[in-house]
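Please walk through this structure with attention to its charged pairs, its nonpolar cores and its pockets.

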Amino acid sequence: MADSVALDPVDLHILRLLQNDARTTYRELATEVGVAPSTCLDRVTRLRRSGVILGHQLRLDPARLGRGLEALLSVQVRPHRRELIGPFVERIRTLPESRALFHLTGPDDYLVHVAVTDTADLQRLVLDEFTSRREVARVETRLIFQQWECGPLLPPSAESAESGH
């Protein structure tokens, strides 16, 4: 597990703003947090180098791309051995329908977030890419009706300070 990084209130404010809009300019960030643009640039650079900021992502609307049906697939792999799960993980990560893959504890080994065109496409995906694999013992499918973004992500001490605990 990676060591946590000490963050002051200015760092936290920068992170909060960037999580809401990663395209915010350094000048806008500096104005909002009350520091010079050069100071803001230095802080963001330090946050990147320390691994707090991992990168920037472009979020797309799956429905507008023709993938209007999203689901969560709970997958049980048997036997759960490294030589089987490595190729399984790599295959699932390459599928164009895969949005996220989680390795879990409990009765299910993986949770896969997928986006497909319709129920027939979902059925094809489950049968052709999951249950056809020898190591996959079970797949349980849950359709996603709606989802919400949460956040921003802050360290535990900052969360406690903001909620008054």
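E70 is buried, with a relative accessible area of 13%; buried means under 20%, exposed over 50% and partly exposed in between, with a 1.4 Å probe and protein chains only. The model is predicted, and local features need pLDDT of at least 70, side-chain atom pairs count only at pLDDT 80 or more, while totals for chains, interfaces and linings use all residues. Residues are numbered from 1 along each chain as its sequence is written, and side-chain values use heavy atoms, with hydrogens and water left out.

The partner of E70 is R99, and the closest N and O atoms of this salt bridge are 3.3 Å apart. A salt bridge here is a side-chain nitrogen of Lys or Arg within 4 Å of a carboxyl oxygen of Asp or Glu. The pair links distant parts of the chain, since E70 sits in strand β1 and R99 in strand β2 (residues 98-103), 29 residues apart. Helices (H or I, at least four residues) and strands (E, at least two) are DSSP runs, numbered from the N terminus. Unlike the buried E70, R99 is partly exposed at 42% relative accessibility.

Side chains of opposite charge can pair when their charged atoms come close. By the rule given above, the model has 16 salt bridges. One of them joins R43 and D8, at 2.9 Å from N to O. This pair also links distant parts of the chain: R43 belongs to helix α3 (residues 37-49), D8 to the segment before α1, and 35 residues separate them. R43 is buried at 18% relative accessible area, while D8 is partly exposed at 29%. A further salt bridge is formed by E140 and R138, whose closest N and O atoms are 3.1 Å apart. Both ends are partly exposed, E140 with a relative accessible area of 33% and R138 with 27%. Through shared partners, salt bridges join D8, D11, R43 and R46 into one network.

In soluble globular proteins, nonpolar side chains tend to be buried together. A nonpolar core is taken as a set of buried Ala, Val, Leu, Ile, Met, Phe, Trp, Tyr and Cys residues joined through side-chain atoms within 4.5 Å. The largest such core has 20 residues, and those with the most contacts inside it are L73, V75, F88, L122 and F130. Two or more residues come from each of β1 (69-77), α4 (82-94), β3 (110-116), α5 (119-131) and β4 (136-144). The most is given by β1, with five residues. Leaving aside residues up to four places away in sequence, F88 touches V75, V77, Y110, F130, R133, E135 and V136, where contact means heavy atoms within 4.5 Å.

A second, separate core has ten residues, including L15, L18, L29 and L47. L15 is found in helix α1 and is buried at 10% relative accessibility. Beyond four places in sequence, L15 touches L7, L47, V52 and I53. The C-alpha atoms of L15 and L29 are 9.8 Å apart, with the two positions 14 residues apart in sequence.

Which residues are the closest to the centre of the largest pocket? They are L15, L18, Q19, G55 and L153, out of 30 that line it. On a 1 Å grid over the protein atoms alone, a pocket is an open set of points where a 1.4 Å probe fits, with protein on both sides within 12 Å along at least five of seven lines, and lining residues have an atom within 4 Å of a point. The volume of this pocket is about 1400 Å³; grid points are joined across faces, edges and corners, and a volume is the space filled by probe spheres set on the points. Helix α1 (residues 9-20) gives the most to the lining, with four residues. By class, the lining has 16 nonpolar, nine polar and five charged residues.

The second largest pocket has a volume of about 170 Å³. R59, L60, P62, E70, R99, H113, Q147 and E149 line it, so the E70 and R99 pair puts one buried residue, E70, and one partly exposed residue, R99, in this lining. The lining divides into two nonpolar, two polar and four charged residues, with Ala, Val, Leu, Ile, Met, Phe, Trp, Tyr, Cys and Pro counted as nonpolar, Asp, Glu, Lys and Arg as charged, and the others, Gly among them, as polar.

Two peptide bonds remain to be noted. A cis peptide bond joins R78 and P79, with omega about -10 degrees, and P79 lies in the loop between β1 and α4. Another cis bond joins G151 and P152, with omega about 0 degrees; P152 is in the loop between β4 and α6 (156-163).
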